[in-house]
Amino acid sequence: MTEYWLISAPGDKTCQQTWETMNNVTNKQNSLSENYKFHIPDLKVGTLDQLVGLSDDLGKLDGFVEQVTRKVAAYLGEVLEDQRDKLHENLLANNSDLPSYITRFQWDLAKYPIKQSLRNIADIISKQVGQIDADLKTKSSAYNNLKGNLQNLEKKQTGSLLTRNLAELVKKEHFILDSEYLTTLLVIVPKLSFNDWNNNYEKLTDMIVPRSSVLVTQDSDFGLYTVTLFKKVVEEFKLHSREKKFVVRDFTYNEEELAAGKNEITKLVTDKKKQFIMLFTELQFPMASLVLTDISQLTADKLLDQIMYPYAKPYDLQKYVFCNCHF
């Protein structure tokens, strides 16, 4: 992985002389690194007391920005799901990959006016990052709820017959409908008990329609059977079924409700795709802002503060990015 160092060098008579001296020693003569200029405009430094007061605050702000940046990047990876391997190529800053952005950095004068003091710039950064963090919590919560609802419905379409949605498995002809006296139940029977069911289901209670049971489908552990009986003995039938470890599923065949259930899944899938596109775009935007803040403007503020505060000398140090350092 490429490593980048942000360094400062004592200023010569001109910036170009400083650059040539530093580049000659580290790159041309010793091949220690590949170097880039890190352009910082002349900022309002203020007094030494102001720099002292700002020093600790910048350290805390830097930690907060890094925390939110990592949080946004991590959640972007979660949103990508099975395309998580494409995370790095989607971590962009101003539509550029991060190495290009760092090595070609330009101060954002619109967001961070250089006429403002360092304290004001730090406050602007703090408010922006705080808003990004709050927005992430709100949007991620909404997306996670939608994703969770869809996953719950999808789980019901698969898995064990004991828990899955039976609507996709049964047909209208499996049921006695619109009868005043008769009803059809769906019963889950363990595979090892198929013979027991077939031989004894008519004896579980009175008023069971003979030879009414049909095996609808089966999985590796259970079979789904129908049975038709009189409505007045349903509760008694359920009781004796439990004693034999047959599970009567609560199910009512209603074509309108079944269609609504299918439409709900389709709607959730569509909504998730829409939310994915919106959230993916919205995550990339704050990611760019955070990278811009954490790696550049904030770092530049800190670097300036660290240069000026310990020595209280004029601002004559030049800033550079070292890439692939081998010191």
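Rings of Phe, Tyr and Trp, the last by its six-membered ring, count as a pair if their centres lie within 6.5 Å. By that rule, a search of the whole structure, a predicted model, finds nine aromatic pairs. Ring pairs join F194, W197, Y201, Y225, F237 and F246 into a cluster. A four-stranded open sheet includes strand β7, which holds Y225 of that cluster.

**Aromatic pairs around W197**

- W197 and Y201 have ring centres 5.2 Å apart and planes at 20°, so they are stacked.
- Both residues of this pair, W197 and Y201, are buried.
- W197 also pairs with Y225: the centres are 5.7 Å apart and the planes stand at 45°, so this pair is tilted.
- The W197–Y225 pair links distant parts of the chain, 28 residues apart. W197 sits in helix α6 (residues 194-200), and Y225 in strand β7 (residues 222-230).

**Burial**

- W197 has 0% relative accessibility and therefore counts as buried.
- Y225 has a relative accessible area of 3%, so it is buried. The cut-off for buried is under 20%.

**The sheet**

- Its strand order is β6-β7-β5-β8, with antiparallel pairing.
- The edges are β6 (214-218) and β8 (247-249). Each has a single partner strand, so one side of each lacks a neighbour in the sheet.
- On average, neighbouring strands are turned by 35° against each other, direction ignored.

**The β5–β7 pairing**

- Strand β5 (residues 182-190) runs antiparallel to β7, and nine bridges join the two.
- Within this pairing, V189 stands opposite G223 in β7.

Technical notes:
Residues numbered from 1 in each chain as written. Predicted model: local features only at pLDDT ≥ 70, side-chain atom pairs only at ≥ 80, totals over all residues. Heavy atoms only, no water. Phe/Tyr/Trp six-rings, centres within 6.5 Å; stacked < 30°, edge-to-face > 60°. Buried < 20%, exposed > 50% of the residue type's maximum accessible area, 1.4 Å probe, protein only. Pairing = 2+ DSSP bridges. Axes fitted to C-alpha atoms, helices over the stretch in contact; angles between N-to-C directions.
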